[in-house]
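I opened this model to look up its pocket, its salt bridges and its surface. My notes follow in the order I checked things.

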Amino acid sequence: MANLGIPVIAKRVRAVSSPEGTDSITIRPIRRLAVTFDHRAIDGAYATRYAIAVKQHIEEWGLRDYT
């Protein structure tokens, strides 16, 4: 069993790279994910893989073609 927490979106300073290869510092909206689980029932590696999979799915949400 695990719980997925998705707190509020907060503005954070981030370094980003442009397609031309230049770096800049910008402010971006960032959403954090929190996974809590019972270590007696679930190995931490499984919970980490779950959190990474959720993150990747959210980041690729607009890139998928569902037709």
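Before listing any lining, I fixed the term: a lining residue has an atom within 4 Å of a point of the pocket, and a pocket is an open set of grid points with protein on both sides within 12 Å along at least five of seven lines. I also noted that this is a predicted model.

**Entry 1: the pocket**

I looked up the largest pocket and read off a volume of about 290 Å³. Which residues line the largest pocket? I listed I30, R31, R32, L33, A51, K55, I58 and E59. I then sorted the lining by character. Four residues are nonpolar, four are charged, and no polar residue appears.

Next I asked which element gives the most to this lining. The answer is α1, with four residues. Helix α1 covers residues 44-59. Strand β3 spans 23-31, and β3 and α1 each supply at least two residues of the lining.

**Entry 2: the salt bridges**

I searched the whole structure for salt bridges and found two.

I took E59 and K55 first, since both were already on my pocket list. Their side chains meet in a salt bridge at 2.9 Å, N to O. Both residues lie in helix α1, four residues apart, about one turn of the helix. So this bridge joins two residues of one helix, and the cut-off it has to meet is a side-chain nitrogen within 4 Å of a carboxyl oxygen.

Is E59 buried or exposed? E59 counts as exposed because its relative accessibility is 51%, and the cut-off for exposed is over 50%. K55 has a relative accessible area of 42%, so I wrote it down as partly exposed.

The other bridge pairs R40 with D38. Their side chains also give 2.9 Å, N to O. I checked the cover on each partner. R40 counts as exposed, at 76% relative accessibility. D38 is partly exposed, with a relative accessible area of 30%.

**Entry 3: the surface patch**

I turned to nonpolar residues on the surface. L4, I6 and Y50 make a nonpolar patch of about 260 Å². Y50 is the patch member I followed up, and I placed it in helix α1. Its relative accessible area is 39%, so Y50 is partly exposed. That value fits the patch rule, because patch residues need over 30% relative accessible area.

**Entry 4: distances from helix α1**

I picked residues in α1 and asked how far they sit from other parts of the chain.

G44 is in helix α1. It counts as partly exposed, at 22% relative accessibility. The cut-off for buried is under 20%, which is why G44 does not count as buried. G44 and R31 are 13 residues apart in sequence and 22 Å apart in space, C-alpha to C-alpha.

T48 is also in α1. T48 is partly exposed, with a relative accessible area of 44%. I paired T48 with V35, again 13 residues apart along the chain, and their C-alpha atoms are separated by 8.1 Å.

Last, I went back to E59 in α1. How many residues separate E59 and A10 in sequence? I counted 49, with 16 Å between them in space, C-alpha to C-alpha.

**Entry 5: where the entries cross**

E59 and K55 appear in the pocket lining and in a salt bridge. R31 lines the pocket too, and it is the partner I used for G44.

Note on methods:
Residues are numbered from 1 along each chain as its sequence is written. This is a predicted model: local features need pLDDT of at least 70, side-chain atom pairs count only at pLDDT 80 or more; totals for chains, interfaces and linings use all residues. Side-chain values use heavy atoms; hydrogens and water are left out. Patches are made of residues with over 30% relative accessible area and no salt bridge: like charges are joined within 9 Å, nonpolar side chains (Val, Leu, Ile, Met, Phe, Trp, Tyr) within 5 Å. Accessible areas come from the Shrake-Rupley method with a 1.4 Å probe; for residues, only the protein chains shown count as cover. Buried means under 20% relative accessible area, exposed over 50%, partly exposed in between (1.4 Å probe, protein chains only). On a 1 Å grid over the protein atoms alone, a cavity is a set of points where a 1.4 Å probe fits but cannot get out, and a pocket is an open set with protein on both sides within 12 Å along at least five of seven lines; lining residues have an atom within 4 Å of a point. Grid points are joined across faces, edges and corners, and a volume is the space filled by probe spheres set on the points. Ala, Val, Leu, Ile, Met, Phe, Trp, Tyr, Cys and Pro count as nonpolar, Asp, Glu, Lys and Arg as charged, and the others, Gly among them, as polar.
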